[in-house]
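Q: Got a minute to go through the aromatics in this one with me? Let me pull it up.
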Amino acid sequence: MNYLLVKIFRIAFSIIPLSFARKIGYYLGYLSSYMFKREIKIAQTQINTFAKRLNINPEDSIHVTRKVFANIGISFVESLFTKKILKVVPPQVTIDNPAALDKLIKGGGIVISAHYGSFELLASF
């Protein structure tokens with residue numbers, strides 16, 4: 001069932017531009033935060049635990065949590081566009097040490113990236 005749902009999303013999103021799809025993903029993620037009440041409570045508890053260190057007002061924890069869900073929605077939609085994105089690697093993506101990347105590709109290893117979703121771009125190298 002989940003596979004079918006993702007397949008339907010991929011087909012539906014293939015006919016619209018990525019920029020518009022990202023906006024839809026934002027709202028889908030934001031709205032989904034209302035369905036996952038247990039996860040919202042867990043996230044709020046964690047944010048409130050570290051609120052002082054993170055310089056977040058505890059009353060804003062629900063807003064921060066909903067924005068996290070919105071970002072997950074954007075990431076989900078972008079994952080549907082992976083094939084299109086990988087056809088043209090943005091010029092902002094650079095490899096500081098291509099030899100290290102070659103060694104990693106040949107021998108395997110762990111990749112640490114600046115953003116949890118940017119690892120997908122490694123497929124284009």
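A: Sure. One definition to start: a charge sits over a ring if NZ of Lys or CZ of Arg is within 6 Å of the ring centre and within 35 degrees of the ring normal. Also, this is a predicted model.

Q: Okay, so which residue lies over the face of Tyr34?
A: That's Arg66, at 3.8 Å from the ring centre.

Q: And how many aromatic pairs does a search of the whole structure find?
A: Four. One of them is Tyr26 with Tyr27, an edge-to-face pair at 5.2 Å centre to centre, with 85 degrees between the planes.

Q: Why is the pair Tyr30 and Tyr34 edge-to-face?
A: Their planes are at 65 degrees, and over 60 counts as edge-to-face, so the pair gets that label. The ring centres are 6.2 Å apart.

Q: Which cluster do those tyrosines form?
A: Tyr26, Tyr27, Tyr30 and Tyr34 form one aromatic cluster.

Q: Is Tyr27 buried or exposed?
A: Tyr27 counts as exposed, because its relative accessibility is 52% and the cut-off is over 50%.

Q: What about Tyr26, Tyr30 and Tyr34?
A: Tyr26 is partly exposed at 23%. Tyr30 is partly exposed too, at 22%, and Tyr34 is partly exposed at 43%.

Q: Switching topic: which residues are in the largest nonpolar core?
A: Six of them: Phe13, Ile16, Ala21, Val77, Leu80 and Phe81.

Q: What does Phe81 touch, leaving out residues up to four places away in sequence?
A: Phe13, Ile16, Leu18 and Ala21. Phe13, Ile16 and Ala21 are also listed in that core.

Note on methods. Residues are numbered from 1 along each chain as its sequence is written. This is a predicted model: local features need pLDDT of at least 70, side-chain atom pairs count only at pLDDT 80 or more; totals for chains, interfaces and linings use all residues. Side-chain values use heavy atoms; hydrogens and water are left out. Rings of Phe, Tyr and Trp (its six-membered ring) pair if their centres lie within 6.5 Å; planes under 30 degrees apart count as stacked, over 60 as edge-to-face and the rest as tilted. Buried means under 20% relative accessible area, exposed over 50%, partly exposed in between (1.4 Å probe, protein chains only). A nonpolar core is a set of buried Ala, Val, Leu, Ile, Met, Phe, Trp, Tyr and Cys residues joined through side-chain atoms within 4.5 Å. Contact means heavy atoms within 4.5 Å.
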